[in-house]
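The exercises below concern helix packing and enclosed space in a predicted model. Please work through each one before reading its solution.

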Amino acid sequence: MQDIFLGALTGAIFWGLGIEAVATRFGALYQSLLTIAFQTAACIPAYFVRRRVFYKQKNAGFFSCSSYLLASTAAASPLVLLDSVLFGTIVYWCTGFARDDHGAHFFIVLAHLTLLAWAMMSFFKLTTFLSPDLTSAAAVSGIVTFFLLLFSGFIISIKDVPPFYVWVMYLNPLFYAFQGLAVNEFIAEKYSPLLPSGKSLGETVLDQKGLFTDARWAWWGLFVNLGITLLYLTLTQLAMMRLEWLEPVNSADTTPEEAITQGSFAMRELGASRRQLNMAKAEEEGEGDIEGEGDGSDGDSTWASESIRSWSVG
């Protein structure tokens with residue numbers, strides 16, 4: 001329902017864009033990417049809950065880090081695909097994106113949305129295993145997200161990016177997704193009329209925005225984001241193998257249910273230790289009683305022998 005609502009809302013905002021609304025069309029592409037990309041950020045608290053379970057099971061030898069990472073990623077992939085398909089389908093047909101080439105543009109849009117969601121999910125999972133707690137992960141994710149948005153190619157053109165920050169853009173999955181969607185849109189047939197400059201309308205628009213004009217970037221962006229996703233997953237596995245954060249029971253990130261559960265475990269351990277202490281004390285007291293009884297019997301025998309001697313003397 002969330003994907004349908006967000007898709008309908010975004011589609012209503014950018015409803016029926018004309019060919020002359022170039023800037024608004026870029027905004028529609030960018031808004032679609034943001035919605036899909038940062039839906040996965042809501043999974044960070046769930047990742048921390050699963051991380052506690054993962055540490056226990058890993059230390060118990062249930063599975064390896066690679067097996068857990070592969071299984072968790074595969075289990076989340078159908079949901080990522082469903083989110084992208086539901087949201088992307090509604091937005092695509094409401095805004096009036098390119099529809100020629102036998103529907104190829106539509107499926108390329110869905111592919112870019114899916115791979116971007118997968119890349120961002122891997123990034124937030126990496127942040128989970130690199131951060132000691134939820135508060136730190138939220139702070140780090142917010143700072144990194146700011147740079148990802150700033151250097152995505154929409155707010156600042158690649159021509160205007162300072163040389164020192166160019167590497168952020170080339171490592172940014174949002175940039176490649178935006179680049180791929182923009183090329184996929186503006187290489188369509190309706191943007192093919194030539195201008196006096198000798199370039200087509202689509203090439204001129206992409207060039208003014210500072211984006212690549214090669215039509216192959218509609219596909220290359222997919223492969224680059226796939227590589228970035230695999231890089232994030234590799235770094236996540238290394239973090240899972242090398243790092244293990246200690247998490248106190250009274251942590252601010254602990255939910256009330258988890259605190260009750262952990263508290264009950266602590267009370268059980270305390271009760272067990274007290275029972276063991278009481279049993280040890282009882283054993284010590286039992287040994288003392290046995291020794292006392294032994295001393296009493298010796299005293300009685302001594303008293304009896306002295307009485308007999310006194311009688312015999314008398």
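**Exercise 1.** At what angle do H2 and H5 pack, and how far apart are their axes?

*Solution.* Begin with the fitted axes: H2 and H5 pack at an angle of about 45°, and their axes lie 9 Å apart. Angles under 35 degrees would count as roughly parallel and those from 65 to 115 as roughly perpendicular, and H2 is therefore oblique to H5. As for handedness, H2 passes H5 in a right-handed crossing. Turning to the residues, H2 contributes Ser 32, Leu 33, Ile 36 and Ala 37 to the contact, while H5 contributes Leu 113, Leu 116, Ala 117, Met 120 and Phe 124. Sorted by class, the residues of this contact of H2 with H5 comprise eight nonpolar, one polar and no charged.

**Exercise 2.** Describe the packing of H4 with H5, and classify the pair by its angle.

*Solution.* The axes of H4 and H5 are 8 Å apart, and the two helices pack at an angle of about 140°. Since only angles over 145 degrees count as roughly antiparallel, H4 and H5 are therefore oblique to each other. H4 passes H5 in a right-handed crossing, and the residues of their contact divide into 14 nonpolar, eight polar and one charged.

**Exercise 3.** Which residues line the largest cavity, and which helices supply at least two of them?

*Solution.* The count comes to one cavity of 30 Å³ or more, and the volume of the largest cavity is about 60 Å³. Its lining consists of Leu 29, Ser 32, Gly 88, Val 91, Tyr 92, Phe 97, Val 109, Leu 113 and Leu 181. Assigning these residues to elements shows that helix H2 (22-37), helix H4 (65-95) and helix H5 (104-130) each supply at least two, with the largest share, three residues, coming from H4. By class, the lining has seven nonpolar, two polar and no charged residues. Ser 32 and Leu 113, which belong to this lining, are also among the residues through which H2 and H5 make contact.

**Exercise 4.** What is the volume of the largest pocket, and which element gives the most to its lining?

*Solution.* The largest pocket has a volume of about 520 Å³. Its lining is made up of 22 residues, of which Cys 43, Tyr 47, Ala 76, Leu 79 and Met 121 lie nearest its centre. Two or more lining residues come from each of helix H1 (2-13), helix H3 (44-59), H4 and H5, and H4 gives the most, with seven residues. The final step is the division by class, which yields 13 nonpolar, four polar and five charged residues for the lining of this pocket.

Conventions:
Residues are numbered from 1 along each chain as its sequence is written. This is a predicted model: local features need pLDDT of at least 70, side-chain atom pairs count only at pLDDT 80 or more; totals for chains, interfaces and linings use all residues. Side-chain values use heavy atoms; hydrogens and water are left out. On a 1 Å grid over the protein atoms alone, a cavity is a set of points where a 1.4 Å probe fits but cannot get out, and a pocket is an open set with protein on both sides within 12 Å along at least five of seven lines; lining residues have an atom within 4 Å of a point. Grid points are joined across faces, edges and corners, and a volume is the space filled by probe spheres set on the points. Helices (H or I, at least four residues) and strands (E, at least two) are DSSP runs, numbered from the N terminus. Ala, Val, Leu, Ile, Met, Phe, Trp, Tyr, Cys and Pro count as nonpolar, Asp, Glu, Lys and Arg as charged, and the others, Gly among them, as polar. Axes are lines fitted to C-alpha atoms, for helices over the stretch in contact, and angles run from 0 to 180 degrees between N-to-C directions. A crossing is left-handed if the near helix is turned anticlockwise from the far one by less than a right angle, and right-handed if clockwise. Contact means heavy atoms within 4.5 Å.
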